[in-house]
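This briefing covers the overall layout, the surface and the salt bridges of one protein. The sequence and the model come first, and the notes follow by topic.

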Amino acid sequence: MQTALAREHGLDLRAFLILSHVQAGPQTPSDLARTLDLPRYEVARALRHLQDAGAVAHAPHPADARRHALHVTPAGAQLWGAAMQTLQHATQPALTRLGSQLDAVTAGLETLSATPLPEATA
């Protein structure tokens with residue numbers, strides 16, 4: 001998947017995930033770092049790449065005019081849609097092999113992703 005995203009869209013998987021979250025609605029860089037459990041510098045690097053590509057832009061935050069949030073541009077929405085198609089095409093053979101087990105695997109992954117991780121202990 002990583003290779004296909006890079007070759008066809010100039011995205012790495014991290015930038016695609018960030019673009020996906022911003023696609024869902026305005027996000028601040030700190031919110032993205034917290035949600036994705038990534039260091040802020042990695043989010044900043046990916047956001048620079050997405051901004052340079054014209055995929056995301058800053059605008060006043062809808063809930064707090066003192067802050068700025070990221071939103072997807074029309075070019076970013078188009079990039080996200082094309083990248084989604086690439087990912088679907090890349091994963092289709094593996095998903096097809098699951099056959100009738102696909103629904104059970106999907107349900108298990110949805111349950112797993114909704115389960116909070118335990119806090120790390122020092």
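Which residue forms a salt bridge with Arg14, and how far apart are the closest N and O atoms? The partner is Glu42, and the closest N and O atoms are 2.9 Å apart. This pair links distant parts of the chain, with Arg14 in helix H2 (residues 13-23) and Glu42 in helix H4 (residues 40-52), 28 residues apart. The model is a predicted one, and every value below is computed from it.

**Overall layout**

- The protein contains six helices and two strands.
- Read from the N terminus, the order of elements is α-α-α-α-β-β-α-α, with the two strands placed after four helices and before two more.
- The C-alpha trace extends over about 50 × 40 × 25 Å along its principal axes.
- Of the contacts between residues at least 6 apart in sequence, 50% join residues at least 24 apart.

**Burial and surface**

- The chain has 122 residues, and 27% of them count as buried.
- The accessible surface amounts to about 8200 Å², and carbon and sulfur atoms account for 58% of that area.
- Met1, Leu13 and Leu17 make a nonpolar surface patch of about 250 Å².
- Within this patch, Met1 sits in the segment before helix H1 (2-9).
- Met1 counts as partly exposed because its relative accessibility is 47%, and partly exposed covers the range between the 20% limit for buried and the 50% limit for exposed.

**Charges**

- There are 9 positive and 10 negative side chains in the protein.
- The centres of the two sets of charges lie 6 Å apart.

**Salt bridges**

- How many salt bridges does a search of the whole structure find? The search finds three.
- In the pair of Arg14 and Glu42, the two residues fall into separate burial classes: Arg14 is partly exposed at a relative accessible area of 35%, while Glu42 is buried at 15%.
- Glu42 is classed as buried because its relative accessible area of 15% is under the 20% cut-off.
- Another salt bridge joins the side chains of Arg7 and Glu8, at 3.4 Å from N to O.
- Arg7 has 60% relative accessibility and therefore counts as exposed, whereas Glu8 has 46% and counts as partly exposed.
- A further salt bridge is formed by Arg34 with Asp31, where the closest N and O atoms are 2.6 Å apart.
- Both Arg34 and Asp31 belong to helix H3 (residues 29-36) and are three residues apart, about one turn of the helix.
- Arg34 counts as exposed at 59% relative accessibility, and Asp31 counts as partly exposed at 22%.
- Why does Asp31 count as partly exposed? Its relative accessibility is 22%, so it does not fall under the 20% cut-off for buried residues.

**Helix H5**

- Where is Pro93 found? Pro93 is in helix H5, which covers residues 74-98.
- Pro93 has 45% relative accessibility, so it counts as partly exposed.
- Pro93 and Val72 are 21 residues apart along the chain, and their C-alpha atoms are separated by 30 Å.

Key: Residues numbered from 1 in each chain as written. Predicted model: local features only at pLDDT ≥ 70, side-chain atom pairs only at ≥ 80, totals over all residues. Heavy atoms only, no water. Buried < 20%, exposed > 50% of the residue type's maximum accessible area, 1.4 Å probe, protein only. Contact = heavy atoms within 4.5 Å. Areas by Shrake-Rupley, 256 points an atom, 1.4 Å probe, with all protein chains shown as cover. Lys, Arg positive; Asp, Glu negative; His and termini not counted. Charge placed at Lys NZ, Arg CZ, Asp CG, Glu CD. Patch = residues over 30% accessible without salt bridge, like charges linked within 9 Å, V, L, I, M, F, W, Y side chains within 5 Å. Salt bridge = Lys/Arg side-chain N within 4 Å of Asp/Glu carboxyl O.
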